Amino acid sequence: MPKVVGIDLGTTNSLVAYVDDSGKPQIIADKEGRRLLPSVVHYSKEKGLLVGESAKALLIPNPENTIYSVKRFMGRGIADVEEDLSLLYFSVAKGSEQVIRFNLADKELTPPEISALVLKELKKQAEDFLATDVKQAVITVPAYFNDAQRQATKDAGKLAGLEVLRIVNEPTAASLAYGLDKKDAGIIAVYDLGGGTFDISILNLKAGIFEVLATNGDTHLGGDDFDQKLINLLISEIKERFGLSLQGNAEVLQTIRRFAIELKHRLSQEERAAIEIDLGDYGSYQREFTRAEFEELIRDLVERTIAPCKQALKDAGLKASNIDEVVMVGGSTRIPLVRQRVKELFKREPHIDLNPDEVVALGASIQADIMTGHRKDMLLLDVTPLSLGIETIGNVMTKIIHRNSTIPASAHEMFTTYVDGQTGVDIHVLQGEREFVADCRSLGRFTLKVPPMPAGMARVEVKFLIDANGILNVTAKDVRTGKENSIDVKPSYGLSEEQVEQMLMDSIEFAETDVIERLLVEARNEVDSVLRASAKALETQAAKNLSSEEREKIDQAISELKKATEGKDHRVIRASLKAFNEVSHHLAELMMDNAVELALKHKKVSEI
C-alpha cells in the first residue's frame with residue numbers, strides 16, 4: 001500500500017516522517033543518516049541545482065545564487081517583505097511587484113518553486129528509505145498562515161509531484177505527536193518558535209480529540225531574527241573597531257551570519273562563548289560573549305511572543321492557571337530565556353522531552369496515518385484565525401464565519417437587492433475584525449447576475465466554506481432562479497504579520513466607535529429604504545383616502561426623518577423612525593386593505 005508521509009516544511013530545516021508498521025511515527029533520515037534537511041537551494045551553471053547540505057555549503061562562497069528562509073516569502077508580495085529584502089544576499093527579479101521571483105544564475109524562481117525543490121528532495125529521501133513511490137503527503141504550516149500562504153504551500157507540493165492531502169497547523173501537528181503518550185484530558189498550550197515564525201495554540205485534549213480553542217502568533221518572528229540581532233552587533237563592532245563597512249560584501253556577511261548562528265547555539269548551552277573572525281588584511285575580530293549579553297540583545301523579540309500568548313488565552317476564555325500542560329516546539333525554544341519567559345507566563349514547567357526540531361514532522365505523519373484510515377482513535381479540529389465576511393450596504397463588513405471558528409466550517413446567510421431593477425449583486429469577500437470595509441482586507445470579488453425586480457424581492461444566499469486546509473470558497477446563489485457563481489479565494493499574496501497584529505489590536509481599540517458608527521450606517525440605510533417605500537406608497541390610490549391632517553403629519557415626519565439622518569446620533573434617527581411609523585400607521589392599513597381587495601378581485605377572475 002502506498003505510503004503517505006508527513007512533512008514539516010520549515011524556514012531553516014525541513015523533515016519528512018512516516019508511521020511504521022507498529023504504529024510508531026519515525027523521522028526518515030537521508031543516506032548519510034542526517035534527519036534535518038536545510039531549507040536551502042543553490043543554482044549556478046558551474047554547480048547545477050543543489051538542495052540541502054550541499055547548497056548550504058555554498059552560502060558563503062556563492063551567496064548570490066543560494067536561497068534560504070524562503071518560507072518567509074510564501075504567498076506574499078513585495079510590499080509585505082521590503083524589510084526582509086534589504087537583508088538578503090540573493091536578488092529579486094524585475095517585475096516582482098505581485099509575485100516575488102528570485103534570481104538564481106539564469107533562472108527566475110518563485111517561492112513555491114523553490115519550496116518545491118526542497119519537497120522533491122524530501123520525497124526522494126522518503127522513496128529511497130521506503131523503497132516505494134511516495135505520491136501523497138500531509139504538509140504543515142504556521143497556524144497564522146493566511147489563505148494565500150496556505151495555497152502557496154499546496155502549490156509547492158503539487159510542483160514537487162505530491163498530492164497534498166491536507167495542510168495542518170504546526171502547533172496542532174505537535175499536539176498530535178505529544179498526545180501519543182499523554183492521553184489524559186486537559187488544556188494544552190503549544191508554544192512554537194521556529195526559524196521564521198511563531199505560533200501559540202490553545203488546545204483541548206479529551207478522549208483522543210484535539211480541538212484548537214484559539215490560535216495566535218507572528219509570521220515574521222523566529223530564530224532568523226535572533227541571528228540578525230547578533231549579525232547587526234557584529235557588523236557594528238567590526239565597523240567601529242576596524243573602520244570596515246561590510247555592506248555589499250556578500251561573502252563576508254555570510255561568514256558573519258554563520259558565526260552568529262554558531263554563537264546563538266553555543267550560548268543556548270553555555271554561559272560564555274568566544275568567537276574569532278578572520279578579516280584578512282584588517283586583522284582578526286575577537287570577542288567573548290556572555291549568555292546575559294545575548295539575552296539582553298534578544299529580550300524584545302522574546303517579549304513579542306508573550307502578547308500573542310495572552311491574546312490566545314483571552315480568545316479561548318481562559319487564564320494561564322487553566323492551562324494543564326505547556327509544550328514547546330521549534331528549535332528556537334532551546335534558548336534558555338525563551339523557556340524561562342514561557343514558564344513565568346504559564347506558571348508551570350514546559351515540556352521539552354520531545355525533540356523540538358522533530359515533533360512537528362512526527363505529528364504530520366500521524367495526521368497522514370489518520371487520513372489513510374489506519375488510526376481511528378484521534379480526531380483533529382482546527383480553527384480559522386481571522387473573521388471572514390462580505391461587504392453590505394453602507395460599506396459595512398458583515399461577518400459570516402467568525403475568527404477561531406472550528407474548521408472545516410461552512411456558514412450561509414441570505415441577502416437581497418437594494419435598488420429597483422438591479423441586475424447584478426457584487427460579492428466583495430473580506431477578512432478582518434473591524435466593522436467597516438476600509439478597515440478590513442479585500443480577498444476577492446465576483447458578481448452574481450439576477451433578474452430585474454423591485455428592491456428587496458431578490459433572495460441571494462451567500463455560502464462560505466473553509467476546507468480542512470483553511471482555504472476559502474465563497475458561493476452566491478439566486479434562490480429564485482437557481483443560478484450561482486463562486487470563487488476560490490487565492491489572492492496573489494497575503495497579509496504581513498504587522499497587518500494581522502494590527503487588525504486584531506484595532507478591532508479591540510476601535511470596538512466601541514466601530515459599533516456606534518455601524519449602528520448609524522444601519523439606521524440611515526433603514527431610513528433610506530423607508531423613504532423610498534413611502535414615496536411609492538404616497539403615489540398610490542390608497543394614499544388618496546388619507547385625510548389632509550394625516551397627510552400633513554406624514555410629510556412633517558418625513559421632513560424630520562431626513563433631517564435626523566443628517567446628524568450622527570443613531571438614537572435620534574431611530575426615534576424619528578418610530579415617530580414616522582406611528583403617523584403612517586393608517587397609510588399602511590390602507591395599503592394592506594387595497595392589496596387584499598386586489599387579491600380578491602384576481603381570485604374572482606380566476607374562478608370565472
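Select A105 to begin: this residue is partly exposed, with a relative accessible area of 38%, where partly exposed lies between buried (under 20% relative accessible area) and exposed (over 50%), using a 1.4 Å probe and protein chains only. A105 sits in the loop between β8 (102-104) and β9 (107-109). Its phi is positive, about 55 degrees, although A105 is not a glycine. Most residues other than glycine have a negative phi.

The model is predicted: local features need pLDDT of at least 70, side-chain atom pairs count only at pLDDT 80 or more, and totals for chains, interfaces and linings use all residues. Residues are numbered from 1 along each chain as its sequence is written, and side-chain values use heavy atoms, with hydrogens and water left out.

Next, select K347, in the loop between α10 (336-346) and α11 (359-371). K347 also has a positive phi of about 55 degrees and is not a glycine. With 67% relative accessibility, K347 counts as exposed.

Now display the whole protein chain, which has 16 helices and 27 strands; helices (H or I, at least four residues) and strands (E, at least two) are DSSP runs, numbered from the N terminus. Of its 608 residues, 53% count as buried.

Proceed to strands β5, β6 and β7. These 3 strands form an open antiparallel sheet in the order β6-β5-β7; two strands pair if DSSP finds at least two bridges between them. β6 (48-51) and β7 (66-68) are the edge strands, each with a single partner, so one side of each has no neighbour in the sheet. Strand β5 (residues 40-44) is joined to β7 by 3 bridges. To see one pairing, select H42, whose bridge partner in β7 is T66.

Add helix α3 (residues 111-130), which lies across β5, β6 and β7 and runs at about 70 degrees to β6. Axes are lines fitted to C-alpha atoms, for helices over the stretch in contact (heavy atoms within 4.5 Å), and angles run from 0 to 180 degrees between N-to-C directions.

Finally, select helix α14 (residues 548-565) and helix α15 (residues 570-583), whose axes come within 9 Å and cross at roughly 165 degrees. That makes α14 roughly antiparallel to α15, a description for angles over 145 degrees. Which residues of α14 and α15 make the contact? Show K553, I554, A557, I558, E560, L561, A564 and T565 of α14, together with V572, I573, S576, L577, F580 and V583 of α15.

How values were computed:
Parallel < 35°, antiparallel > 145°, perpendicular 65-115°, else oblique.
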